[in-house]
Amino acid sequence: MTNLKTLADHLGLSQATVSRALNGYETVSARTRERVAAAAQELNYRPNTAARRLATGRADAVGIILTANRNMLIDPHFADFLAGMTRRLAEAEIDVVMTSAPQDAQASVFRRYAETGKVDGFVVSAPKQHDPRVEALLDLSFPFVVHGQCASDRPYSFYDIDNYGAFRQATDLLLQLGHRRIAFLNGTPDAMFAIDRLRAYRDALGAAGLPDDPRLLVQVPMTEETGYAEMQAMLASDAPPTGIICSSMILAMGAQRAIRDVGLAIGRDISVISHDDGLSSLKTENFSVPLTVTRAPIRRAGLEIADMLQRLVAEPDQVLRHLEPVDLIVRGSTAPPPVK
């Protein structure tokens, strides 16, 4: 195995010069840095992690603090996001440190990790409208990227999808097809993505001159069980919807089960649109009735956030913002409402 001394002897340079070259010090000429990098690749040299961290002052790790009362590790959305992020960070030999803490204790964990140098930056997942985690990290002046957005007045780095644009398109599609009773199964009302999606739904209805019927709106935890129960209740009402929009594939799976249980056919008797995070375990095009979706792969978010974090660690004073456009893919689950 090639070590630093072997590499230095091969190049005829001191170990100190080789170390500085590998760590990108500008006191070493660009030509020498290139020569050292080429030799390191040729000899399959891998720097000692502890020594590299000592030289750069970095932990070569990023942190994620999970909320203690939520098991996000079994959430397919978080699993796909984490797969994308860890893949990209692994290419740069950066580790991911995960821990959990109650929501009201996370600020102190952020502070402890930052002050002890355990990580170089953080990812903040599932932001709320007014999120104390974002404010705590801004107070620390520590690199972080929010997966989503919050209502802070202070500039911060985030990666988000165009939730408003996606759900405006979805609602407009059903309106253009002739639907007038459009239900919306949304996420919990404190989640920023759910706030943006609800605003789009209401704006589209308002532009079409339709009232905002509270019986057609639910804001719930996005599980299959809640999707089933809420859809079942709506279908049993005196004026059931002819079209439904779901904020997640998991809600849509429950809703579809309730629709089938009462003998209705999706795409004939009722139209269904869902947001599709491009989950590796759920392919909406392979459903028995291919599903019309707003699509933005969550694994791509993991890749992009990993890149953003590396840039922020290198230059902490910048603010990076990315709003990913969302595709509307029309398939067999949407059609004009049935003629009575």
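Two strands pair if DSSP finds at least two bridges between them. The legends below describe close-up views of a predicted model.

**View 1. Six strands of the predicted model form an open sheet.** The strand order is 7-6-8-9-10-12, and the pairing is mixed. Strand 7 (217-219) and strand 12 (327-329) are the edge strands, each of which pairs on one side only. From one strand to the next, the twist averages 15 degrees.

**View 2. Strand 10 (residues 292-295) and strand 12 run antiparallel.** Three bridges join strand 10 to strand 12. Thr-294 stands opposite Leu-328, a residue of strand 12.

**View 3. Helix 8 (residues 163-176) and helix 11 (residues 249-261) pack on the sheet.** Helix 8 touches strand 6 (182-186), strand 8 (243-246), strand 9 (271-276), strand 10 and strand 12. The direction of helix 8 makes about 170 degrees with that of strand 8. Helix 11 touches strand 6, strand 8 and strand 9, and the direction of helix 11 makes about 160 degrees with that of strand 9.

**View 4. Helix 2 (residues 15-22) crosses helix 3 (residues 30-42).** The two axes come within 9 Å and cross at roughly 90 degrees. Because angles of 65 to 115 degrees count as roughly perpendicular, helix 2 is roughly perpendicular to helix 3. Helix 2 contributes Val-18, Ala-21 and Leu-22 to the contact, while helix 3 contributes Arg-33, Val-36 and Ala-40. By class, the residues of this contact between helix 2 and helix 3 comprise five nonpolar, no polar and one charged.

How values were computed:
Residues numbered from 1 in each chain as written. Predicted model: local features only at pLDDT ≥ 70, side-chain atom pairs only at ≥ 80, totals over all residues. Heavy atoms only, no water. Axes fitted to C-alpha atoms, helices over the stretch in contact; angles between N-to-C directions. Helix = DSSP H or I, 4+ residues; strand = E, 2+ residues; numbered from the N terminus. Parallel < 35°, antiparallel > 145°, perpendicular 65-115°, else oblique. Contact = heavy atoms within 4.5 Å. Nonpolar A, V, L, I, M, F, W, Y, C, P; charged D, E, K, R; others polar.
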